[in-house]
Each structure stands twice: as C-alpha cells, then as structure tokens.
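Visitor: I should like to learn how charged contacts and cysteines are read from a set of coordinates. Could we work through one example together?

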Amino acid sequence: MTVGLTVVSGTGHTWRLTEQIGSGSEGFVYGVDDARPLVAKLVPGPPDPEAFRRRVARLVRRRREPGTVGLLSGTPVRLAWPLVPVHTAAGRTADRVDGYVMTDMRHAYQPFGHLLTAATRRVLLPRATWATALRAALALSRLLAEVHAEDYVVGDLKPDNLWVDETGRVGLADIDSWQFSDGRELFPGRMRTPGYTAPERIGAPAGTPPDTASDDFALAVLVHQLLMSGLHPFAGHPADGGDYLSYDDNVRHGRCRLVDRTSVLLPRHVPPADLLPRRLAELFRAAFTGPLRRPSAADWAEALAAEQVPGRLRACAVNARHVHTVERPWCPWCDQAERGGDSYPGPTREKT
C-alpha cells in the first residue's frame, strides 16, 4: 500500500515513502523510493521532541567516529545506523526531526524470528541447522560485545530488532533507542520488553536506565532461544500448581528449567535440556541466577566460539539435519522427535 508521504533532510533532499513495512511502540518504518537499500523510521509525537532531535543528530554525527566506524565495517552492514535526520514535508521547520533514514536490513537479512521456530526455518531458512543457530548466537554475542566496548547500551535487546541470514550472520536495528553519552549529555535507554528484561529492572521505576548487565541478561535469553529452537528459558507453568502469568513473573520467581528442573512444567515435545554442551549450560545457569555472576557478551562469544571448532559438532546418522555436540553420544533431536516434536526435520520423502 502506497502511503504518499514525503520526508525531507536538513539540506533539502527529498525522499518519497512507499509502503509501511513495520511498526513498534515508538514509531513506524517505511520503504523509501531510492536506488539504494534504504528505509525511513518516523517517530510521531516523541515525549520530548527536542531531546529526540538531539539524540538523532548525535547518532548521525557519531557514525563518523572511529569506534562507530568499526561497528559499521564489514559486509553486510550489521547495524541499521541513522544516516540522516528527516522531517515530514508537512512539517517544514528548520530544526524539526520526525525520524531518520537508515539502511534497509531486508536487503541482506531476514527477521530474526524466522530462525526461532521449526515452521519458519523449514520454509524461509531451509538449510538452517543447530550449527546455524550456534553461529548466529556467536555473531550476536560478538556484536553486543563490540557495542558495549564503545560504551553503548542497547537497553531493549529482543527478536523484533534483530535480523539474521541463512549463514547465521546477525544485524541489529532500532539504534535510536540505545543509551549513550556524548560527554556532555546522557541519552538514556527508553524501552524494555517483557521476557527480555533483567530481573533487577522488572518493577523498577519508569526511566530507570539500563546497563550492560541488563543487556547481558537479554543476550542469554536470546542465545537460549536460538539453541533451544525458540524455547524461552523462563517458559513453563509453575510446578507448585500456581497459574502461569508471564515470562516476567517466572523471571522474578526464578522459575527456569536450567536453574531448577523442578520449578516449571513443560510439554514433552520441547527440546531436551541435555542437548546443551556443559560449558554453555553452566553459563546459562550463571546468567539466570543474578547479576553478580552474569556472563558478559564477551564471555558468551568465547564459549560459543569454542563450541564451533572442528570436531565439536556431529551430524546424526539418521537425519543429517540433526546436528549436535559431540558431548552427547545420542541425538537429542531424535529424542525430541520421538516425543512429538522435531525442531530440524529432514526432507519430506515422496510417497511411492
């Protein structure tokens, strides 16, 4: 559907917006009529328009600083960084900013959620195996470690602002919600998402800033989802007979299968917990038992890289798409299939 909107940069360059391709709690993303792979994010009615204008301007300026240049190096680009502030043609005010133009991540990636469920993987990422999930977990951990090294805090790390390709490379969008400082002004993180919020932030007053430790909690959740075929680490009904309320309620009460097997009840068809290499299982337990022991993104990157050295993975003799760690003498994916689920089904055989 054509939207008929036009946006203008501060220098007068004009872009015509085409279809709306996404929306979130803060803004809308539109296609841009341009030969380059670009999209525009518009944020109508930000709580503080002047602060939003300064935030976008600082991010655009920081794109040319050495640390950020390093984050943006490589092909395909890993971050949908703001390239130029824009305002809608209807709001022709010299210093008005309604949003920004950024790289269209669809040019090189698919939505991250496509890798998290068997149904979407089979159709949209048909060559993906558990090895792909491991590579994506490593790519995400390395990217977050680099982001933290440059003193940025993502603050709202979640599948909706992540991208992935068929080889496991990862990209990240929604940069305008990050927390950072330009040395004079702190631009605080503004958002948090249920299921990806660290326990110390759940219930904290609105406006409580995130930190790298809260990013590291969200990273551990995402790595778990990648390696467990989308299963959230705090999924499950309370084993004490109470009602399931939310992921966040389970987070607050420590209901996590990897931390305490007796704390939750899960369907029989979910991936078995023992498919994880011992080192990764230990990192998950540390991540989900409190911020003091929580592994950093760099810790995850080191551990995930070690699981991908030659000889650490093997393919099942029955189904070559069932890739698993050599620590398991049996195939955990075949075990899952016998209980009514198959996260990585083999090719469908034609009937004879």
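Guide: Let us begin with one pair in this predicted model. A salt bridge joins the side chains of Arg294 and Glu200, with a nitrogen-to-oxygen distance of 2.8 Å.

Visitor: Which parts of the chain does the pair of Arg294 and Glu200 tie together?

Guide: Arg294 belongs to the loop between helix H7 (278-287) and helix H8 (297-306), while Glu200 belongs to the loop between strand E11 (186-187) and helix H5 (212-227); the pair therefore ties together parts that are 94 residues apart in sequence.

Visitor: Is Arg294 buried or exposed?

Guide: Burial is judged from relative accessible area, and under 20% counts as buried. Arg294, at 9%, is buried, whereas Glu200, at 35%, is partly exposed.

Visitor: How many salt bridges does a search of the whole structure find?

Guide: The search finds 21 salt bridges. Among them is the one between Arg255 and Asp249, whose closest N and O atoms are 2.8 Å apart. Arg255 is buried at 13% relative accessibility, and Asp249 is buried as well, at 15%.

Visitor: How should one read the salt bridge between Arg279 and Glu302?

Guide: The general idea is to compare the N to O distance with the cut-off, which is 4 Å for a salt bridge. For Arg279 and Glu302 that distance is 3.7 Å. Arg279 lies in helix H7 and Glu302 in helix H8, so this pair ties together parts that are 23 residues apart in sequence. Arg279 is partly exposed at 35% relative accessibility, and Glu302 is exposed at 51%.

Visitor: Which residues are linked in a network of salt bridges?

Guide: Such a network links Glu50, Arg53, Arg54 and Glu185.

Visitor: Let us turn to the cysteines. How many disulfides does a search of the whole structure find?

Guide: The search finds zero disulfides. Cys316, for instance, is in none, and the nearest cysteine sulfur, that of Cys334, is 3.6 Å away.

Visitor: Why is the sulfur of Cys331 not in a bond with that of Cys334?

Guide: One reads the distance between the sulfur atoms, because a disulfide requires them to be within 2.5 Å. The closest cysteine sulfur to that of Cys331 is in Cys334, at 3.7 Å, and so it is too far for a bond.

Visitor: Are Cys316 and Cys331 buried or exposed?

Guide: Cys316 is buried, with a relative accessible area of 11%. Cys331 also counts as buried, at 10% relative accessibility.

Notes: Residues numbered from 1 in each chain as written. Predicted model: local features only at pLDDT ≥ 70, side-chain atom pairs only at ≥ 80, totals over all residues. Heavy atoms only, no water. Buried < 20%, exposed > 50% of the residue type's maximum accessible area, 1.4 Å probe, protein only. Helix = DSSP H or I, 4+ residues; strand = E, 2+ residues; numbered from the N terminus.
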